[in-house]
Amino acid sequence: MKFKIQNLRDYANEYHNSVVSPEDFWSEIADYFHWKKKWDKVLEWDFDTPSISWFKNAELNLTENIFEKLLPTHEHKTAIIWEPNDTSADAISITYGELFKATCKFANALQTQGVRKGDRVIIYMPMVPEATVAMLACARIGAVHSVVFAGFSATALADRVNDCKAKMVLTSDGNYRGNKKIPVKAVVDEALQKTHTVEKVIVLKRTGEQVEMVPDRDLWWHDTIANEPDSHKAEVMKSEDLLFILYTSGSTGKPKGVVHTTAGYMIYTYYSFINVFQYQTDDVYWCTADIGWITGHSYIVYGPLLAGATTLMFEGVPTYPHPGRFWEIVEKHRVNQFYTAPTAIRALQVHGTAPVEKFDLSSLKVIGSVGEPINEEAWHWYHENIGKGNCPLVDTWWQTETGGIMISPLAGITPNKPAHASLPLPGVQPIIVDAEGNELIGNNVEGNLCIKYPWPSMIRTTYGDHQRCKDTYFSTYKGMYFTGDGVKRDHDGYLRILGRVDDVINVSGHRMGTAEVENAIDEHPDVIESAVVGYPHEIKGQGIYAFAICDKSEKTPEDLEEEIKQLVRKIIGPIAKPEHVQIVSGLPKTRSGKIMRRILRKVASRDLSSLGDISTLLNPEVVDEIIKGAGLD
Ligand code: WTA
């Protein structure tokens, strides 16, 4: 595979080249791809506006770099292995040739149903191969996909539809998830009552549930493709044309639509995939993420398929029908690279090693981690019991906004150091700054993680609101992209990610904005004000702890707590449901009226050491009451 780094010296060389002459470095990699027209300029950028353009004015279609480019050698190679939720159902293998035909058919169907280049299509689907087909078909015709995790509520879905003014929604009659059936079509129906841009809904038959099909709006997937040809002429796209929008939570307001564009994203996901995982031609690679998150986009779909890999897609959950399901799948499909989140590891760790020992994991060559800091205990458990002590563990740090893995060991090349994301990939220039934005030079320093130079798959804008992109990422520290994460560079120069330094909580590897949860809580008629913080949670990494003032409520605190939990679940989705709700009579505030979250975090973490000076608060007396209410006195 071209551009695969072979050893540590190679890495050092490549890294050096990528910093000294980034444009030569990336254009050499870009030359590997198929272009309809080459670029005028490799890179134009300014982080103040911000404005970033890679491979300006070049023309291509990303899917031609999966299909037309690879089919001569990959037609009969398995592209996707699909493992269904239910163990009694058969797994399915789809070759590159078959995937191409399915993509073309659906691309034609989308066009027949009126979708045009630039239109936004929401994908709210289960983990089935058709979800990948849907993404690729959008890319084929130049439509912009926005995948919404199928666990989000109708309100969250409606917000996303409205924000991007989607013309179409792709969904299914229902989803299987462990022993549950999720009625996703009903969620779509409810969401679309609050929107007015969607013209058509295409429904995949999955569970066979009775669903209501709205006349003139809803169509069955199988009907839409029945008469469509299995070839399709790809739309010609410019490098900076939108590939997709993916919504993610930040520290303020509603989720924002992170925009990724075509050429840079393509090049970076390919390059990072082959290098981090050291993928070899006949390997079977498995990433357990959901396609509703960036990890699914970049490392189930785009990166692996651009590299001609065999990518495994799993419909179910790690503990169904038994806590050895992951390992059963590894054995069954002889998986070589396995990529998951620390939260899954911790959840399985609880079941001990018996479920692991039942299965033969000898096919594994590389194991990976993503989504949140991995604690040392989980790192060692994963390394010893799954990697049997001899698989390199790649702890990959990156974000929805970065599009691809930024800081990570390269499997088998970078020496492993527990809980360290370690070193930046070639082309990535991290910088650690203090609160004032001064660079912290040398080793043994700790500060805020920024990136000081553009990389191809970086965020271009937040959909429909460029100012928000500027304010969120490019204004905290002038001339740099600010990640929102804290980091430490240790005595060897290896990086360790410390977690978010802003008001974002990472629950089971999913990002939740505290403001977003507070807004949901405030919808409760009895709630006057609320504050949400994260606290350390053994399995989820962080849990959500909410404090709410409900002064005049006639209800008991227990009832209020339960109602608030259910309300958040309904407005955002089950992943945002607070673990704890504490009804309080006041929230600790500074004299300027700002909530002192530091104190609330201490209470939520059940750690009252170094509570700090509270005498400057407007209402110091509430602190005692809150401590008592939490049962900490
Ligand atoms: C966190 C997921 C520590 C981090 C790809 C980041 C991590 C946020 C790691 C992005 C890691 C992700 N070590 N923290 N290996 N990977 N994070 O957008 O706080 O869902 O800012 O992207 O997850 O989450 P997102």
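Where does Pro50 lie? Select Pro50 to begin, and you will find this residue of the predicted model in the loop between strand E1 (41-46) and strand E2 (51-56). The peptide bond that joins Thr49 to Pro50 is cis, with omega at about -20°. A second stop of this kind is the bond between Tyr320 and Pro321, which is also a cis peptide bond, here with omega at about -5°; Pro321 has its place in the loop between strand E17 (310-314) and helix H11 (325-333).

**Two residues with positive phi**

Go next to Phe3, in the segment before helix H1 (8-20), where phi is near 70°, a positive value in a residue other than glycine. Is Phe3 buried or partly exposed? Phe3 is partly exposed, as its relative accessible area is 22%, and buried would require a value under 20%. Then select Ser508, found in the loop between strand E25 (504-507) and strand E26 (510-513); phi of Ser508 is near 50°, again a positive value in a residue other than glycine.

**Strand E6 and its partners**

Now select strand E6, residues 120-123, and display the side chains: Arg120 and Ile122 point one way, Val121 and Ile123 point the other way, and all of them are buried. Add strand E7 (residues 144-147), which runs parallel to E6 and is joined to it by 4 bridges, with Val121 standing opposite His145 of E7. If you follow the chain from E6 to E7, you pass through helix H5 (residues 129-141), and this β-α-β crossover is right-handed. Add strand E8 (residues 168-172) as well, which is parallel to E6 and is joined to it by 3 bridges; in this pairing, Ile122 stands opposite Val169.

**The open sheet of E21 to E24**

Strands of a sheet pair through backbone hydrogen bonds, in either the parallel or the antiparallel sense. For an antiparallel case, select the open sheet of 4 strands whose order is E21-E22-E23-E24. Strand E21 (430-433) and E24 stand at the edges with a single partner strand each, so one side of each is left without a neighbour in the sheet. From one strand to the next, the twist averages 45°.

Within this sheet, look at strand E22 (residues 445-451) and E23, which run antiparallel and are joined by 6 bridges, and find Ile451 standing opposite Tyr481 of E23. Moving along, E23 (residues 481-489) pairs with E24 (residues 495-500) in the antiparallel sense over 5 bridges, and the bridge partner of Lys488 in E24 is Arg496. What does Gly493 take in the hairpin of E23 and E24? In this hairpin, which has 5 residues between the strands, Gly493 takes a positive phi near 85°.

**Around the ligand**

From E24 you can move to the ligand, since E24, helix H10 (294-306) and strand E20 (393-396) each supply at least two residues of the shell around the ligand. Which residues come nearest? Of the 17 residues around the ligand, these are Asp395, Thr400, Asp485, Arg500 and Arg511. Select Arg511 and look for a polar side-chain atom that lies 2.7 Å from an oxygen atom of the ligand, and then select Gln399, where a polar side-chain atom lies 2.9 Å from an oxygen atom of the ligand. At Glu372, a backbone N or O atom lies 3.4 Å from a nitrogen atom of the ligand. Taken alone, the ligand exposes 520 Å², and the protein buries 96% of that area.

**Strand E28 and its neighbours**

For the last stop, select strand E28 (residues 541-549), which is mostly covered, with 7 of its 9 residues buried. On the antiparallel side of this stop is strand E27 (residues 529-537), which is joined to E28 by 9 bridges; Tyr535 stands opposite Gly543 in E28, and the two strands form a hairpin with 3 residues between them. E28 also pairs with strand E29 (residues 580-584), in the parallel sense and over 5 bridges, and the bridge partner of Phe547 in E29 is Gln582. Trace the chain from E28 through helix H17 (residues 557-571) to E29, and you will have followed a right-handed β-α-β crossover.

How values were computed. Residues are numbered from 1 along each chain as its sequence is written. This is a predicted model: local features need pLDDT of at least 70, side-chain atom pairs count only at pLDDT 80 or more; totals for chains, interfaces and linings use all residues. Side-chain values use heavy atoms; hydrogens and water are left out. Two strands pair if DSSP finds at least two bridges between them. Buried means under 20% relative accessible area, exposed over 50%, partly exposed in between (1.4 Å probe, protein chains only). A crossover is right-handed if, with the strands pointing away from the viewer, the path from the first strand over the helix to the second runs clockwise. Axes are lines fitted to C-alpha atoms, for helices over the stretch in contact, and angles run from 0 to 180 degrees between N-to-C directions. A residue is near a molecule or strand if one of its heavy atoms lies within 4 Å of it. A polar contact is a pair of N or O atoms within 3.5 Å; within protein, one must be able to donate a hydrogen and the other to accept it, and residues adjacent in sequence count only if both atoms are side-chain atoms. Accessible areas come from the Shrake-Rupley method with a 1.4 Å probe; for residues, only the protein chains shown count as cover.
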